[in-house]
Amino acid sequence: DLIIPPGTIVSIIYDIVDEFGLEPVTRKMFVGIANSEEREILALRGPLEKVQAAELFLYKDIKAWIENK
């Protein structure tokens with residue numbers, strides 16, 4: 001699974017799902033932000049090779065978005 005960081009731009013998530021054919025799922029995980037509690041987070045599930053490629057795509061897109069701000 002590829003865990004999507006909270007606050008990720010929705011258009012990037014849609015691009016990843018379309019580009020790599022990953023399945024969006026939710027998972028409960030401990031998130032050490034603010035109240036440090038368990039939260040439902042978004043993950044994208046698929047074959048390892050696709051998940052790894054999607055991870056690179058995600059970080060490139062986030063970096064490009066930040067640099068264009």
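I take a salt bridge to be a side-chain nitrogen of Lys or Arg within 4 Å of a carboxyl oxygen of Asp or Glu. The model I am reading is predicted.

**Entry 1. D1 and its partners**

With that cut-off I looked up D1 and R45. They form a salt bridge, with the closest N and O atoms 2.8 Å apart. D1 lies in the segment before β1 and R45 in strand β3, residues 37–45, so this pair ties together parts that are 44 residues apart in sequence.

I then looked up R27. A salt bridge joins R27 to D1, and here the closest N and O atoms are 3.3 Å apart. R27 belongs to strand β2 (residues 23–31) and D1 to the segment before β1 (2–3), so parts 26 residues apart in sequence are tied together by this pair.

I noted that D1, R27 and R45 are linked in a network of salt bridges. I checked the accessibility of each member. D1 has a relative accessible area of 39% and is partly exposed. R27 stands at 31% relative accessibility and counts as partly exposed. R45 is partly exposed too, with a relative accessible area of 40%.

**Entry 2. The remaining salt bridge**

How many salt bridges does the structure hold? I find three. Besides the two at D1, I recorded K63 with E67, whose closest N and O atoms are 4.0 Å apart. Both residues lie in helix α2, four residues apart, about one turn of the helix. Are K63 and E67 buried or exposed? Both are exposed.

**Entry 3. Overall layout**

I count two helices and three strands in the protein. Read from the N terminus, the elements run β-α-β-β-α. The C-alpha atoms fill a box of roughly 35 × 30 × 15 Å along the principal axes. Of the 69 residues, 25% are buried. I also looked up the sequence range of the contacts: among those between residues at least 6 apart in sequence, 54% join residues at least 24 apart.

**Entry 4. Helix packing**

I looked up how the two helices sit against each other. α1 and α2 pack at an angle of about 150°, and their axes are 10 Å apart. Angles over 145 degrees count as roughly antiparallel, which makes α1 roughly antiparallel to α2. The crossing of these helices is right-handed. On the α1 side the contact is made by I12, D15, I16 and F20. On the α2 side it is made by K50, A53, A54, F57, L58, D61 and I62.

**Entry 5. Nonpolar core**

Which residues make up the largest nonpolar core? I listed twelve: L2, I4, I12, I13, I16, V17, F20, L22, L44, V51, A54 and L58. α1 (10–20) and α2 (48–67) each supply at least two residues of this core. The largest share, five residues, comes from α1.

I picked L22, one of the core residues, and pulled its contacts. Leaving aside neighbours within four places in sequence, L22 is in contact with I16, V17, L44, R45, G46, K50, V51 and A54. I note that R45, listed there, is also the partner of D1 in a salt bridge.

**Entry 6. Two strand residues**

I looked up A43, which has its place in strand β3. A43 has 0% relative accessibility and counts as buried, the cut-off being under 20% relative accessible area. Not counting residues up to four places away in sequence, A43 touches D1, L2, I3, E23, P24, V25 and R27. Two residues of the salt-bridge network, D1 and R27, are thus on my contact list for A43. The C-alpha atoms of A43 and P5 are separated by 8.9 Å, with their positions 38 residues apart along the chain.

I then looked up K28, found in strand β2. Is K28 buried or exposed? K28 is exposed, with a relative accessible area of 58%, since exposed means over 50%. Apart from neighbours within four places in sequence, K28 is in contact with E38, R39 and E40. I also recorded a separation of 16 Å between the C-alpha atoms of K28 and G7, which are 21 residues apart along the chain.

Conventions. Residues numbered from 1 in each chain as written. Predicted model: local features only at pLDDT ≥ 70, side-chain atom pairs only at ≥ 80, totals over all residues. Heavy atoms only, no water. Core = buried A, V, L, I, M, F, W, Y, C linked by side-chain atoms within 4.5 Å. Buried < 20%, exposed > 50% of the residue type's maximum accessible area, 1.4 Å probe, protein only. Contact = heavy atoms within 4.5 Å. Axes fitted to C-alpha atoms, helices over the stretch in contact; angles between N-to-C directions. Parallel < 35°, antiparallel > 145°, perpendicular 65-115°, else oblique. Left-handed = near helix turned anticlockwise from the far one by under 90°.
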